[in-house]
Amino acid sequence: MTPSPTGSAQTDLAALLNREEAERELFDLLRIPSVSADPTHRGDMTRAAEFLRQKLASLGFTARVDPTAGHPLVYAERLSAPGQPTVLIYGHYDVQPEAPLEEWTTPPFEPTVRDGRIYARGSTDDKGQAYAHVRGVELLLSQGELPVNVKFLLEGEEEVGSPNLEPYLREHAEELKADVIVISDGSRFAPDVPTVTYGLRGLSYVEIHVQGPNRDLHSGAYGGAAPNPINALAEMIAKLKDDQGRITIPGFYDGVEELTEGEREMWAKLPHSDEEFADSIGVPALPGEAGYSTLERLWARPTLDVNGIWGGYQGEGSKTVIPAKAGAKVSMRLVPGQDPDRITRLITEYVPTIAPAGVTAEVRAHHGGQPVKVDLDSPYVKAADRALTRVYGKPAAFGRTGGSIPIVAAFRSLLGAPVLLVDFGLNEDAPHSPNESFAVEDYHNGILTSAYLLQELAE
């Protein structure tokens, strides 16, 4: 950690940080396999929620576990700073499934430190980042009362689209009132670049289902005459983009908010290398929409990607069949100016029109989320910049992220409070992938950042 130029306050808190205890507690949380998508882990979801409730209660918070139609939420509050702002800290304790298990170097739910990184499912997304805020509050409490009023909302369904969070927000809107909502559930720009994220892409997630013959057919007896749903699906996917990387769905780009010249100039100054980015993911080139830089395509342009595809025989060896059906999962990341419901409607209408002869196609909608953009002139953004400067010894960079947190827009609309995105992780942490990890130093810097942010928000 770079020493801060701002005086003794940072040194005092850093010296008080109990690293061993902070790591031990996080490891205990990471050992709970709270996979929200898997019904067999329902008991583990309750265990994780109760772990967090007990911890926050031990810090003097009024804390409870609230049931939902799905997995429970943890709500806690400590309102001991009258006249000061109220900060709502959001995070999630659920994690992605661990599969493919065979690609993990060490067990996904047994935290292991290698080369300064904590390897475990949920280490960066989002248990490590959320728990950094819990420990940040504890660090401040070791020196006296909190400088602001603090509320925690920790949910268990973010990885499955937060289906029950919005109804909860509506029901508890008065209780959840806050001046600002703090979220740490993403990535900084680079290891040595503290970052305030001021934009998230939205999401429309759908499945395409293609139906051909009424049963699987012998490819010798029927090949050349019968329609093949997998071939048809491949043709349809290819037609969803043109040779310039632009999405061909009619009306898809209507209303898209273009980048300002100021943003393009700001991002061009960031220490980004296309070659290093390509090397980091092991590819020889970075295809994408023509006319935009890599960062612009990642942060401020909409996308369409196939996330999964199925059909026909998948087992060992060969089986010569023409399948009866095929399908694909498709995600579209959206930018300001696009509405997920409208985009879902557009692809639902368009896909059947590009189905080849002999097959039928339909689109089935899953979940979505609105894109979000934060005002860079907000006093809360400036407070985050000061907090990060105290930890890293340099001012923050400002960037957007290509990911989505669908519930963020609901926070703004239902609670009427601005959102502040201060991320502690990195893309190299491999969230959602085998061998997900979180740098030990990033965890401890996250604790310090959280503590300083609460101090700065009090100003």
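**Close-up views of the nonpolar cores and a three-stranded sheet**

**View A. The largest nonpolar core of the predicted model comprises 98 residues.** Among its members, F152, L153 and F411 touch the most others. The greatest contribution to this core comes from helix α14, which spans residues 440–458 and supplies 10 residues. In soluble globular proteins, nonpolar side chains tend to be buried together.

**View B. A second core lies apart from the largest one.** This other core has 28 residues, including I208, F252, A326 and V335.

**View C. Surroundings of F411, one of the residues that touch the most other members of the largest core.** With neighbours within four places in sequence set aside, the contacts of F411 on the N-terminal side of the chain are L88, Y90, L153, L165, L169, I181 and I183. G416, A417 and V419 are also in contact with F411.

**View D. Strands β4, β5 and β18 form an open sheet.** The strand order is β4-β5-β18, and the pairing is antiparallel. Strands β4 (112–114) and β18 (437–439) occupy the edges and have a single partner strand each, so one side of each is left without a neighbour in the sheet. From one strand to the next, the twist averages 30 degrees.

**View E. Pairing of β5 with β18, and the helix packed on the sheet.** Strand β5, residues 117–119, runs antiparallel to β18 and is joined to this strand by three bridges. Y119 has S437 of β18 as its bridge partner. Helix α14 packs on the sheet and touches β4, β5 and β18. The direction of α14 makes about 65 degrees with that of β18.

How values were computed: Residues numbered from 1 in each chain as written. Predicted model: local features only at pLDDT ≥ 70, side-chain atom pairs only at ≥ 80, totals over all residues. Heavy atoms only, no water. Core = buried A, V, L, I, M, F, W, Y, C linked by side-chain atoms within 4.5 Å. Buried < 20%, exposed > 50% of the residue type's maximum accessible area, 1.4 Å probe, protein only. Helix = DSSP H or I, 4+ residues; strand = E, 2+ residues; numbered from the N terminus. Contact = heavy atoms within 4.5 Å. Pairing = 2+ DSSP bridges. Axes fitted to C-alpha atoms, helices over the stretch in contact; angles between N-to-C directions.
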